[in-house]
Amino acid sequence: MTTAVAAGTTAAPDNDRESRLRGFLAACGWADAERRPLARDASFRSYDRLTRDGRRAVLMDAPPDKGEDVRPFLSVAAQLHRFGYSAPQVLAADREAGFLLLEDLGDTTYTRALAGGAEEIALYACATDLLVDLHRRAGEVGYDVPPYDDAKLVAEAALPLDWYFPLVLGRELDAGERARYLEAWREAMPVLRGAPETLVLRDFHVDNLMVLGSRPGIAACGLLDFQDAVAGPAPYDLVSLLQDSRRDLADGLEDAMLDRYRAAIRPADPVAFDRSYHALGAQRGLKVFGIFGRQSALYGNPRYLHHIPRIWRHVERDLALAGLDRVLAWLAAVVPASARVQPAPEARRP
């Protein structure tokens with residue numbers, strides 16, 4: 001059960017965040033816990049591991065003055081728990097201040113397990129089966145999430161216009177080029193939407209999946225980083241898992257997991273489903289170009305750039321299999337093969 005910690009339980013002023021945090025921890029019985037940084041993500045959220053009397057918990061610090069809001073996390077977590085999935089239990093919450101005390105699911109992400117020699121097929125099968133179960137329950141989602149509407153999908157596909165293409169072309173795109181790119185993606189929206197709509201967790205990949213070997217069935221796949229969930233096309237999370245920006249899957253594994261998913265779900269229109277899968281893969285890959293390019297050019301963080309050649313392989317194949325000819329033609333005209341590269345770490349927008 002979640003302990004709701006009201007703002008009045010903390011005596012510290014709102015502008016002293018550390019003092020308010022100490023008050024929050026005191027109110028939920030973790031005042032004397034050891035705190036160690038656990039992780040940061042691509043937002044202003046940060047996570048600390050708390051240790052006290054042999055017990056552990058995770059502190060999420062999501063500062064509202066930086067635009068963070070813990071309410072979506074709480075809503076999505078509650079739904080995932082109703083479905084029996086292994087999202088972290090919420091132990092205490094100060095919604096106003098943006099503090100959550102969460103169950104600690106441990107350190108064994110899929111990424112670490114795979115690096116340590118875990119069986120790849122078994123892990124991916126468990127994650128795929130979780131998506132099958134989630135998508136079968138599409139009609140049971142008991143709360144509102146934002147729609148993954150056409151405007152949002154096009155805006156994400158547009159990220160490389162500012163944050164990747166200029167880095168590899170050495171110039172800004174002109175108004176006509178930008179307009180034609182956006183129009184090509186607007187035209188592609190019916191293809192992206194060629195599959196049923198469901199709850200989309202958005203960041204369903206090996207860095208956010210946990211190995212919980214003591215739990216049965218799909219509960220052995222722990223879930224992190226789902227606060228940006230939306231209602232959108234079912235293949236999105238599947239392509240996020242199977243076309244990972246950060247790692248290569250074993251030969252044949254993507255096809256094997258797609259076959260596993262299709263056999264369980266039995267899409268009403270298999271051709272439209274497959275085109276949606278590949279169109280979403282291309283959209284997501286291009287979005288990631290923009291995100292990684294922005295991290296490097298704007299924030300001086302080039303550590304993701306070495307993944308770009310892998311993502312290009314996904315994008316080129318996906319566009320062809322989805323039949324998104326106008327996007328392919330735009331890329332052929334504006335971004336030649338010689339520019340489909342990893343930008344230099346020092347590259348900045350012209």
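Here are a few questions and answers about one helix and two loop residues in this predicted model.

Reader: Which residues of helix H13 are buried, and do they sit on the same side or on opposite sides?

Author: Helix H13 covers residues 325-334, and its buried residues are Val327, Trp330, Leu331 and Val334. They span an arc of only 95° around the axis, so they end up on the same side of H13.

Reader: What about the face of H13 turned away from the buried side: which exposed residues does that carry?

Author: Just look at the face of H13 pointing away from its buried side. The exposed residues there are Asp325, Ala332 and Ala333.

Reader: Which helices help cover the buried residues of H13?

Author: Remember that the buried residues here are Val327, Trp330, Leu331 and Val334. What covers them includes helices H6 (159-163), H7 (165-169), H8 (175-192) and H12 (308-322).

Reader: Where is Asp225, and is that residue buried or exposed?

Author: You'll find Asp225 in the loop between strand S9 (221-223) and strand S10 (230-233). Its phi is positive, near 60°, even though the residue is not a glycine. Most residues other than glycine have a negative phi. The cut-off for buried is under 20% relative accessible area, and Asp225 has 16%, so it counts as buried.

Reader: And Arg266, is that one buried or exposed?

Author: Arg266 sits in the loop between helix H10 (253-265) and helix H11 (270-297). Arg266 isn't a glycine, yet its phi is positive, about 50°. Exposed means over 50% relative accessible area, and Arg266 has 68%, so it counts as exposed.

Technical notes: Residues are numbered from 1 along each chain as its sequence is written. This is a predicted model: local features need pLDDT of at least 70, side-chain atom pairs count only at pLDDT 80 or more; totals for chains, interfaces and linings use all residues. Side-chain values use heavy atoms; hydrogens and water are left out. Buried means under 20% relative accessible area, exposed over 50%, partly exposed in between (1.4 Å probe, protein chains only). Helices (H or I, at least four residues) and strands (E, at least two) are DSSP runs, numbered from the N terminus. The arc is that of the directions from the helix axis to the C-beta atoms. Contact means heavy atoms within 4.5 Å.
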